[in-house]
Amino acid sequence: MKIEDLTIREKLRLICGKDYWHTEDFGGKLPSVTMSDGPVGVRRTVPKGDGNEETVPAVAYPSVQMLANTWNKELAYQLGESLASDCAEHNVDLLLAPGVNIKRSPVCGRNFEYFSEDPYLAGILAKEYIAGLQENGTGACLKHFVANNLEFDRLHQSSDVDERTLREIYYKPFEIACGAKPVSVMCSYNRVNGVYASENKTGFDALRNDIGFEGAVISDWLAVRDRTSAAKAGLDLEMPFDQENYEKLVADFEAGKITEKEIDACAERVLRLGSRLTEMRRGRTVKLSERERIGIAKKIASEGMILLKNDGILPLTGKENLAVFGHFAKPADWGMLCGGGSSRVLPLDCAFDLPKELQKRTSGSVNYASAFDSDCVNSFKQNIRDAILCASSADVNIICAGTGAKFEYEEDDRKTLRLSAVQERFIVDAASQNVRTVVVLFAGGVIDVSPWADQVAAILYAGFPGMGSDGILADILTGKMNPCGKTSETFALLDEYPASNQNTTCGVTRYGEGLDVGYRYFETYRKPILYPFGYGLSYSEFLYRNLQVKTDGKSVEVSFEIENRSERDGKEISQVYVHECAPLVYRPFMELKGFSKDEVKANKIKTVKMKLDMSVFAHWSIANKQWKITDGVYEILIGASGSDIRLRTRVQIKNKAIVLF
């Protein structure tokens, strides 16, 4: 159907949605679009006979943050592919995901839904995720545009951000992800420089004219304050339907406050959205079985867990007598293993029993004690002396601690990065009796381990790991799997993050740190950290060597060797950063511009190649209102993490061409 086939009243109604999860179809005259949360599993609700709704169980995948910790593009695609099968099974046309908001502050309650503090890593993985989803028949809704980096007063707060920072940090992941041509983008709740994101014409113009987005812009749910202002700015579809907003839109049209041409622009994009999703739906099948999808969830968990510390206690030999502590090891509530809010999935199977899985893999005994209360806040579960005695007599203690949906959830921010007092106290007391203590962390973001990290032998970050991950965790602890995840955000003390020290009032959050987000700040100013960006240990040892550089004048190819100096196969994530040696405008010391995850067999050497195009040297010029590449010398840094640079070389840009020294 074409726009001219609709009456003005139909067009006004079309751009306001039908109900909570569907677009208007005028009784079958138009194709209807069915939408659903969420990024790590379909959160589909269906009506019950009593007039209420119930959530349909679905595959629960690891959190997006866990996907980012894999640094694995193929797994990002496979997650999208798996979610497309989930959507086909549940008759969902448009999945409200993925979210690429930058982790400016580590306390953001929704960080578990987002990829990274780095726009390149976030954008590349989101691009693959979208491709996997849309190439298999389901539309993506890239969100939340833009600068929604805290949950604090998100419905009103203004994110005050300068233009260059918007372009280089907050727009950039959207720009990269739009390479996969998502059918839609969702606006955020907050204001941007004083204007509600739903009415942010400057942002929508940049999204369409500069970033190249061609789909429909959809509101976050109840994010529209004034439908007329939002439509004039370029917001195409308000969700869900709001009778009051619709009536005011009609009145504004009749009063001449909005033209039919402006209505047509929005309505036409909503029509195209319906047509494109209808086309994608044709021939769509449940390509992957439930078992295959759970297998992908387990694969993400296996590559997203991060070994933060290891004094040699891991991997376990399989002969130790183990003592396992904490409700996270045998959670009664799935919410302990995930974040809360619109992305929370009702899993097909809530089973998670780490002691049971460890017992399958060891000839020693495995004793379990819950130790602290399930809320992890106020009290211990039992006579704590008995638990400490158990810890003192075991060969190895495994303490499972963390946060969960009670601490990390949509609509609020964390108050601290530390574990609750009862968890910290138990870790310290148990480790004082037995230094052979391993702490496993279940969380969706940074944890401040400083009060106890020096007292334990190992720390394994398990994140929010999804269905079937108890066996994966046991495999990593016992060495049947080699840990290969790396941090997608910097771990530091809360007060060290620049966002923690910027001006936030009841109405405004000032992004005074500018470009200095995450490792850009910590590496530029050499500030203290707990674990750097891009960091993670392995049971293998990797040596980097033999860096080679080639150029055709328009791009640079770097190649280098990674040697596995161990008896164990492993995967290594190598990272390429760029540093401008004498910039004419401020630039952080280093910026991620490439990465590769490669399996290197035991005692073997793998050659890694990465190609960098000219755009990696660019910055946003406020003076010229465009991307600009300055002639000069640039250093290319090859690292095992942002703080562990193994190889480096320099190139020169001269007369807009790359030359080698």
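**Exercise 1. A strand pair.** In this predicted model, find the bridge partner of R545 in β19, and then describe how strands β18 and β19 are joined.

*Solution.* Begin at R545, whose bridge partner in β19 is E561. Next, widen the view to the two strands, β18 covering residues 542-551 and β19 covering residues 555-564, which run antiparallel and are joined by 8 bridges. Finally, look at the connection: β18 and β19 form a hairpin with 3 residues between them, and G553 in that turn has a positive phi of about 95°.

**Exercise 2. Two helices in contact.** Work out which class of crossing angle describes helices α13 and α14, and which residues make their contact.

*Solution.* Start with the axes of α13 (residues 384-393) and α14 (residues 421-433), which come within 8 Å and cross at roughly 40°. Angles under 35 degrees would count as roughly parallel and those from 65 to 115 as roughly perpendicular, so α13 is oblique to α14. As for handedness, α13 passes α14 in a right-handed crossing. On the side of α13 the contact is made by I384, A387, I388, A391 and S392, while α14 contributes F426, D429, A430 and Q433. Sorted by character, the residues of this contact divide into 6 nonpolar, 2 polar and 1 charged.

**Exercise 3. Cis peptide bonds.** Locate the peptide bond from D37 to G38 and the one that joins K143 and H144, and state where G38 and H144 lie.

*Solution.* Most peptide bonds are trans. The bond from D37 to G38, however, is cis, with omega near 20°, and G38 is placed in the loop between β1 (35-36) and β2 (45-47). The bond between K143 and H144 is also cis, with an omega of about -10°, and here H144 belongs to strand β5, residues 139-145.

**Exercise 4. Positive phi outside glycine.** For D153 and K656, find the value of phi, and decide whether each residue is buried, partly exposed or exposed.

*Solution.* Most residues other than glycine have a negative phi. D153 nevertheless has a positive phi, near 45°, and its place is in the loop between β5 and β6 (158-160). Its relative accessible area is 27%, and because buried means under 20% and exposed means over 50%, D153 is partly exposed. K656 likewise has a positive phi, near 65°, and lies in the loop between β26 (644-654) and β27 (657-660). With a relative accessibility of 55%, K656 counts as exposed.

Notes: Residues are numbered from 1 along each chain as its sequence is written. This is a predicted model: local features need pLDDT of at least 70, side-chain atom pairs count only at pLDDT 80 or more; totals for chains, interfaces and linings use all residues. Side-chain values use heavy atoms; hydrogens and water are left out. Two strands pair if DSSP finds at least two bridges between them. Helices (H or I, at least four residues) and strands (E, at least two) are DSSP runs, numbered from the N terminus. Axes are lines fitted to C-alpha atoms, for helices over the stretch in contact, and angles run from 0 to 180 degrees between N-to-C directions. Angles under 35 degrees count as roughly parallel, over 145 as roughly antiparallel, 65 to 115 as roughly perpendicular and the rest as oblique. A crossing is left-handed if the near helix is turned anticlockwise from the far one by less than a right angle, and right-handed if clockwise. Contact means heavy atoms within 4.5 Å. Ala, Val, Leu, Ile, Met, Phe, Trp, Tyr, Cys and Pro count as nonpolar, Asp, Glu, Lys and Arg as charged, and the others, Gly among them, as polar. Buried means under 20% relative accessible area, exposed over 50%, partly exposed in between (1.4 Å probe, protein chains only).
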